[in-house]
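Welcome! Open the model in your viewer, and let us walk through it one selection at a time.

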Amino acid sequence: MGLIPNDDPETIRIMLSYIGVKDIKELYSDVPNEILLSNPPEIGSPLKEADLSSLFESITSSVPEIRLSFTGGGIADHYVPAIVDEIVSKQEFYTSYTPYQPEISQGLLQAIFEYQSLMAELLDMDVVNASLYDSGSALGEAARFSMRVTKRKRIIYAKNANPERLSVLSTYVSPLDVELVSVPYDEETGRISLASLEAQLNEDTAMVYLENPNFFGIIEEEAEEVADLVHEKGGLFVVGVEPISLGVIRPPGDYGADVVVGEGQSLGGYLNFGGPSLGIFAIKSTRKMIRQVPGRLIGMTKDLEGTRSYMMVLQSREQHIRQEEATSNITTNSQLMALRAAIYLSLLGPDGLRDLGRKILLNTEYLRRSIEELPCFKVPFKSKFFRDLPVVSEGPSWKEVNLHLLYKGIAGGFVPSTIYKEFPESLAILATTERHCKRDIDELIDNLRGFCS
Amino acid sequence: MKFRQATWRKSNEVLEPTVFELGVLGRGGTKIAEPDPDIISIVGETDELIPENMKRKEINLPGMAEPQVARHFSRLAQMNYGVDSGSYWLGSCTMKYNPKAAMRIASSDRVRRLHPFIPTEAAQHILRIMYELQEMLSSITGLPHYTLQPAAGAQGEFVGALIIRAKHLDEGERQRDEMIIPVSAHGSNFASAAMAGFRVIKVPTSSEGTIDIDALRAVVGERTAGIMITNPNTLGIFESDILEISDLIHSAGGLIYYDGANLNAILGWVRLSDMGVDVAHLNMHKTFAAPHGGGGPGAGAVGVTEDLKDFLPVPLIKKSGNKFYFDYNVPKTIGKIRTFYGNSEVLIKSWAYLKMIGTEGLRKVSSIAVLNANYARRKLVDYGYKVAYGKERPCKHEFVLTLEDLKEYGVRALDVAKALIDRGLHPPTIYFPLIVKEAFMMEPTESDSLEEIDEYVKAMKEIRELAMEDSEALKRAPKNSSVRRLDETLANRKPILTWRMYIKLKASR
């Protein structure tokens with residue numbers, strides 16, 4: 001019993017006798033003897049629920065607990081409203097699967113349609129897919145999408161984009177005949193260098209990728225100029241976006257984006273040590289482009305009584321129909337995370353998002369000013385920042401600083417050079433979210449100040 | 001079983017309205033955090049904090065109050081069907097019960113509020129869990145090295161195909177550009193191989209329902225990079241010639257990729273390494289009981305042999321003494337396949353599941369899943385249903401019927417599926433695998449009780465009788481779900497994918 005209702009000798013006997021075999025092993029008679037194990041592989045004794053819970057408690061108890069998280073680098077510790085957890089844990093959503101049978105899956109289908117619709121408004125784009133895995137794979141898919149649509153092979157990306165995402169991009173296009181080209185950023189402002197971009201653009205450019213805000217949290221002011229330059233050469237402008245900034249920052253669809261990708265974790269999702277997250281993929285609609293979109297799409301239709309209803313559409317793009325000709329191999333996606341985003345956006349609405357953006361902007365500015373007042377830390381660029389803030393240490397090692405903070409219950413900055421050697425060791429990316437008030441930021445600053453004497 | 005799905009109907013044309021109809025467009029909503037007045041008094045307002053040309057003007061989202069959001073999504077949930085609702089025999093998806101204890105653990109703040117870039121000193125608990133999961137998967141499959149990075153099975157396939165490609169390139173075998181895939185394989189296999197730059201070579205299925213060895217022999221050669229194999233295959237049949245197949249591929253210099261979608265059938269009975277497998281992905285959301293979340297997130301661990309470990313994605317999770325750490329020093333790595341380290345929150349659920357079932361549970365899971373499938377198949381055959389392939393041999397965790405004989409009554413697999421809905425049962429996977437006409441792919445899993453299986457097959461029996469007596473009644477199904485059959489042509493002719501597309505279309509009419 002337990003998890004397996006028919007695990008009971010009498011039930012097994014009844015079933016075996018109906019099948020007409022004498023034991024379960026007979027049901028494995030088609031497995032060659034040489035590979036049939038005599039005993040199952042060892043993975044440990046089974047634990048009952050309460051004992052599992054104790055084990056988990058004991059594993060976690062020895063690890064320092066975080067009260068305040070200031071770590072940036074692509075995702076940050078945003079607040080998840082209680083109603084989001086409440087709704088996604090309803091079993092009808094949580095334990096269901098891909099809505100292949102639309103008649104009994106209208107609830108999920110409509111919720112995904114609403115996700116696609118809400119996200120389209122937030123981004124000011126026309127078409128949003130049901131979700132991809134994360135921002136990295138969304139960027140990888142965007143590159144392959146751009147190459148299919150334009151039949152070109154030059155992929156240009158801004159060097160101030162998130163290095164995790166860029167490294168996934170390079171894996172995704174690695175089997176293709178592709179030119180991957182980077183454009184540097186201005187040392188003073190941290191923003192993309194338009195002159196360098198212009199020099200790299202040519203008639204074979206499939207796309208240009210710009211993040212806004214970029215890896216340094218900087219708002220890219222010349223995004224519209226970038227769009228014009230790309231479009232002049234007939235390439236696609238792909239924007240990587242932090243959706244939670246869009247309550248206050250202009251949406252990419254309004255400054256010329258053809259494709260928008262991004263990380264939707266901030267919209268009602270947890271950090272989860274990096275996953276699951278939500279890969280956003282959106283386009284401006286043209287018939288040709290829609291047919292090239294990767295992943296699931298939910299569309300509106302009617303049932304035979306004329307009731308408005310929803311189902312998966314354009315499935316002939318997908319792997320289960322088109323096999324090796326599909327636009328992507330994706331099947332399982334990040335649906336529950338998209339549902340989180342739908343609930344979150346419905347709850348906050350225009351005012352909630354605007355106010356949240358305002359709070360994050362104010363916190364970021366307060367953090368920036370406070371850092372600038374410290375004698376041994378500085379912000380290396382003169383620009384406008386949202387949530388993430390680059391901080392250079394002029395003395396203490398970030399490793400020491402972060403460890404010190406950790407034992408005070410504070411998660412410090414992400415030091416990109418620990419993974420990506422092109423960054424200086426003195427640089428860390430901090431982030432502040434709506435979870436923080438002045439007291440929290442002051443606590444961080446007081447701890448940093450201690451390293452300056 | 002009598003079943004009537006909840007139906008929240010606003011009008012003849014509309015069920016539950018969308019949030020765009022429920023809320024006030026462009027204003028209102030619920031604030032979840034207030035700026036700190038002490039910060040405002042120092043910093044001032046936000047006017048100066050965004051460049052003028054980058055300010056957002058309007059936000060065309062609906063504004064709603066919390067109670068209405070709660071009611072809206074609760075009503076939508078009631079118009080959906082999950083594993084906890086009832087039998088969910090969706091073949092190849094292993095819709096087993098998801099233990100709640102695993103979900104509670106994964107929703108601990110100690111897990112979900114952990115930033116991926118936290119110093120590893122503060123992530124020892126989660127790293128230990130991921131490391132232990134890798135070890136258990138190694139023990140189960142015999143493959144010594146694992147990455148937990150792929151976000152789903154298909155991404156695992158892509159990783160596996162990239163590893164195979166990298167291995168051949170590393171050995172200077174540039175000509176190995178062909179991936180062999182049986183025609184019965186999951187569609188994602190073909191797509192993943194193509195994404196990794198391979199030419200796809202399809203091999204047919206024999207009358208037994210297994211790979212046609214002669215046809216395989218004919219296509220294997222010096223261009224063979226490998227084979228992607230599912231065992232038991234999508235017909236629910238164990239590829240008994242697996243050792244011959246792996247010898248054939250290996251002696252030609254190719255590698256064996258194993259699609260783990262059907263691992264639930266052989267858990268604890270067969271190790272992948274003993275079948276000659278070089279690379280495999282395992283689906284945490286299928287075999288290892290993580291919930292499917294309406295379509296995701298899942299997790300697709302990839303295991304490899306000693307020979308292939310240098311090609312795994314970075315970082316690897318390793319242990320030194322009592323400390324767990326990330327190893328980025330993998331010189332021949334294929335790179336990163338997703339940001340960070342994988343769907344950790346999903347992986348924890350599978351760790352918890354394996355801890356709960358333990359060594360002795362492995363074989364219980366597979367044995368009962370296979371017992372249930374064989375019992376159901378036998379009953380259905382006794383009721384007159386036809387098994388597509390391999391009816392003389394036991395099936396594994398699933399089986400595929402062909403409903404072609406019902407066509408003479410004007411009834412298709414789709415009609416039978418819709419009639420199951422009216423009886424409160426989730427239909428099986430239909431029209432897959434593509435090689436079976438009017439395919440009905442059924443997987444009861446180990447989670448259904450004998451009574452539930454009897455209920456399901458009884459419903460199938462009644463539907464078959466109805467098909468022969470009054471096929472029109474089946475054409476009218478479903479009628480107990482929140483909507484009736486949908487207009488698929490309308491949905492695809494001019495797709496309406498967002499509310500703004502709908503509004504635009506309405507305005508143009």
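At what angle do helix α12 of chain A and helix α3 of chain B pack, and how far apart are their axes? Keep in mind that this is a predicted model. Select residues 335–372 of chain A for α12 and residues 66–78 of chain B for α3: the angle is about 150 degrees, and the axes are 9 Å apart. Angles over 145 degrees count as roughly antiparallel, and α12(A) and α3(B) are therefore roughly antiparallel to each other. Their crossing is right-handed.

Next, show the side chains where these two helices meet. On the α12(A) side, pick Ile343(A), Ser346(A) and Leu347(A); on the α3(B) side, pick Glu66(B), Val69(B) and Phe73(B). Sorted by class, this contact has four nonpolar residues, one polar and one charged.

Now zoom out to the whole meeting of the two chains. Here 184 residues of chain B are in contact with 170 residues of chain A. Select residues 344–382 of chain B to see helix α11, which supplies the largest share of chain B's side, 24 residues. That side of chain B has 97 nonpolar, 52 polar and 35 charged residues.

Finally, display chain B by itself. You can trace 16 helices and 15 strands in chain B. Its C-alpha trace spans about 80 × 70 × 45 Å along the principal axes. A compact globule of 509 residues would have a radius of gyration near 23 Å, and the 26 Å of chain B agrees with that. Try colouring chain B by burial: 61% of its 509 residues count as buried. Among its contacts between residues at least 6 apart in sequence, 73% join residues at least 24 apart.

Technical notes:
Residues are numbered from 1 along each chain as its sequence is written. Chains are lettered from A and ligands numbered from 1 in the order in which they are written. Two residues are in contact if their C-beta atoms, placed from the backbone, lie within 7 Å. Helices (H or I, at least four residues) and strands (E, at least two) are DSSP runs, numbered from the N terminus. Ala, Val, Leu, Ile, Met, Phe, Trp, Tyr, Cys and Pro count as nonpolar, Asp, Glu, Lys and Arg as charged, and the others, Gly among them, as polar. Axes are lines fitted to C-alpha atoms, for helices over the stretch in contact, and angles run from 0 to 180 degrees between N-to-C directions. Angles under 35 degrees count as roughly parallel, over 145 as roughly antiparallel, 65 to 115 as roughly perpendicular and the rest as oblique. A crossing is left-handed if the near helix is turned anticlockwise from the far one by less than a right angle, and right-handed if clockwise. The radius of gyration is taken over C-alpha atoms; the globule rule is 2.2 Å times the number of residues to the power 0.38. A residue is buried if 20 or more other C-beta atoms lie within 10 Å of its own, exposed if 12 or fewer, and partly exposed in between; C-beta atoms are placed from the backbone.
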